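The exercises below ask the reader to work through a protein model by explicit geometric criteria. Please attempt each task before reading its solution.

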Amino acid sequence: MKCFLLIFISLINAACAQSGKPSGDLPSQLVISQGEVRWLEFPIPKENSKLVCRDQEVKFVKKGRIGLAFVMESYFSDFSPFTCKVLSQGVTVSEYYFNVKERPYHSEVLKVDPKKIKLAPKDERRVIAEQVVLNKIYSSSLPEFLFSESFISPLNSVVTSVYGNRRVYNKQKKGQHLGIDYRAAIGDKVPAANAGKIVFSGDLFYTGWTVIIDHGVDIFTVYGHLSKTLVNEGDIVKRGDLIGLSGNTGRTSGPHLHWGTKVQGQYIDGFVLVEESKKYFKN
Ligand SMILES: [Zn+2]
């Protein structure tokens, strides 16, 4: 009898965990993988509410009494579960429990210009200077969503390298591909994945001619290896606006578009951002 009871309780617990609904006073159960985001909508009963995930405050947008946010898990995750708490005037009003499920990523081998692997001192100085500029950009996101539609994949062409592939360059240097590569010829039109503000339009050592869009609340998209950029810093763009032409500039092994998506300081899978954004933005 005791045994039956235990099985019954386990089944109820398993069903609650899968449905994502809170069971009694237990926090809501959600699943996320490394390099992904999850859309979160939560009630904010009072002013001065905070969203705190893993003891770190996460920016969110207020729509009346509802908070809207993307919760992010880094590619370099240690797979420990974590909790996001909504605090109102210091009191926890709701909790969301995230299990981190390992997502397998594959390996690929690439051949690129050796000068882009073993850097000359002047290139090394250039990369460091560019990093300073980029860090400033990524720490100055606007505090509201600059978009009112879901994100779209910038191209519909074949994806030649998915997000998260482990890479070996020229049989020596190892790294990860934290973006999506699309097949594109030199001169194909590249549209914006969503509305936002152009915060960078210029030439970078690794990604060549590059456009970066701030979509607000620490969400950025990056378009690399362009042959030409067609926007200026400060421009406001709509989803689908032409921002540049694809190309073969920077560290490449042929013409293509590299699309990066950065959320809360980490590159995540753009396709997951597209899908999660559709949960709220229906068009
Ligand atoms: Zn790429």
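Five exercises with worked solutions follow.

The model is predicted: local features need pLDDT of at least 70, side-chain atom pairs count only at pLDDT 80 or more, and totals for chains, interfaces and linings use all residues. Residues are numbered from 1 along each chain as its sequence is written, and side-chain values use heavy atoms, with hydrogens and water left out.

**Exercise 1. Domains and cores**

Identify the domains of the chain, and determine where the largest nonpolar core lies with respect to them.

Step 1. The assignment gives domain 1 (2-100) and domain 2 (107-277); such bounds come from an automatic or database domain assignment. The C-alpha centres of the two domains lie 30 Å apart. Their contact (heavy atoms within 4.5 Å) takes 16 residues from domain 1 and 20 residues from domain 2.

Step 2. A nonpolar core is a set of buried Ala, Val, Leu, Ile, Met, Phe, Trp, Tyr and Cys residues joined through side-chain atoms within 4.5 Å. Buried means under 20% relative accessible area, exposed over 50%, and partly exposed in between, with a 1.4 Å probe and protein chains only. The largest such core has 39 residues, and V37, F145, V211, I213, I219, Y223 and I243 have the most contacts inside it.

Step 3. Two or more residues of this core come from each of β2 (36-43), β6 (66-73), β13 (180-183), β16 (208-216), β17 (219-226), β21 (256-263) and α3 (270-277). These elements are DSSP runs numbered from the N terminus: helices are H or I with at least four residues, strands are E with at least two. Because both domain 1 and domain 2 give residues to this core, the core lies between them.

Step 4. A second, separate core has 16 residues, including V58, F60, A69 and C84.

**Exercise 2. Two residues and their contacts**

List the contacts of I213 and of T210, leaving aside neighbours within four places in sequence.

Step 1. I213 is in contact with A192, N194, G196, K197, I198, V199, I219, F220, T221, Y223, V237 and I243.

Step 2. T210 lies in strand β16 and is buried, with a relative accessible area of 0%. The contacts of T210 are F200, S201, G202, L204, V222, Y223, G224, L226 and T229.

Step 3. The C-alpha atoms of T210 and V231 are 10 Å apart, for a separation of 21 residues along the chain.

**Exercise 3. The zinc site**

Which residues are the protein donors of the zinc ion?

Step 1. Donors are N, O and S atoms within 2.8 Å of the metal (3.2 Å for Na, K and Ca); water is not among the atoms, so sites may look incomplete.

Step 2. By this criterion the protein donors are H177 (NE2), D181 (OD) and H258 (ND1), which lie 1.9 to 2.2 Å from the zinc ion. Their spacing in sequence is H-x3-D-x76-H.

Step 3. H177 lies in the loop between β12 (173-176) and β13 and H258 in strand β21, so this pair ties together parts that are 81 residues apart in sequence. H177 is buried at 3% relative accessible area, and H258 is buried at 14%.

**Exercise 4. Aromatic pairs**

Classify the ring pairs F42 and F60 and F145 and F281.

Step 1. Rings of Phe, Tyr and Trp (its six-membered ring) pair if their centres lie within 6.5 Å; planes under 30 degrees apart count as stacked, over 60 as edge-to-face and the rest as tilted. The structure holds 19 aromatic pairs.

Step 2. For F42 and F60, the distance is 5.2 Å centre to centre and the angle between the planes is 70°, which is edge-to-face. F42 lies in strand β2 and F60 in the loop between β4 (56-58) and β5 (61-63). F42 is buried at 0% relative accessible area, as is F60 at 14%.

Step 3. F145 and F281 have ring centres 6.2 Å apart and planes at 75°, so this pair is also edge-to-face. F145 is buried at 13% and F281 at 8%.

Step 4. F145 and F281 belong to one aromatic cluster, together with W39, F70, F147, F151 and Y280.

**Exercise 5. Positive phi**

Is D55 buried or exposed, and what is the phi of D55?

Step 1. D55 has a phi near 65°, a positive value in a residue other than glycine.

Step 2. D55 lies in the loop between β3 (49-53) and β4 and is exposed, at 76% relative accessibility.
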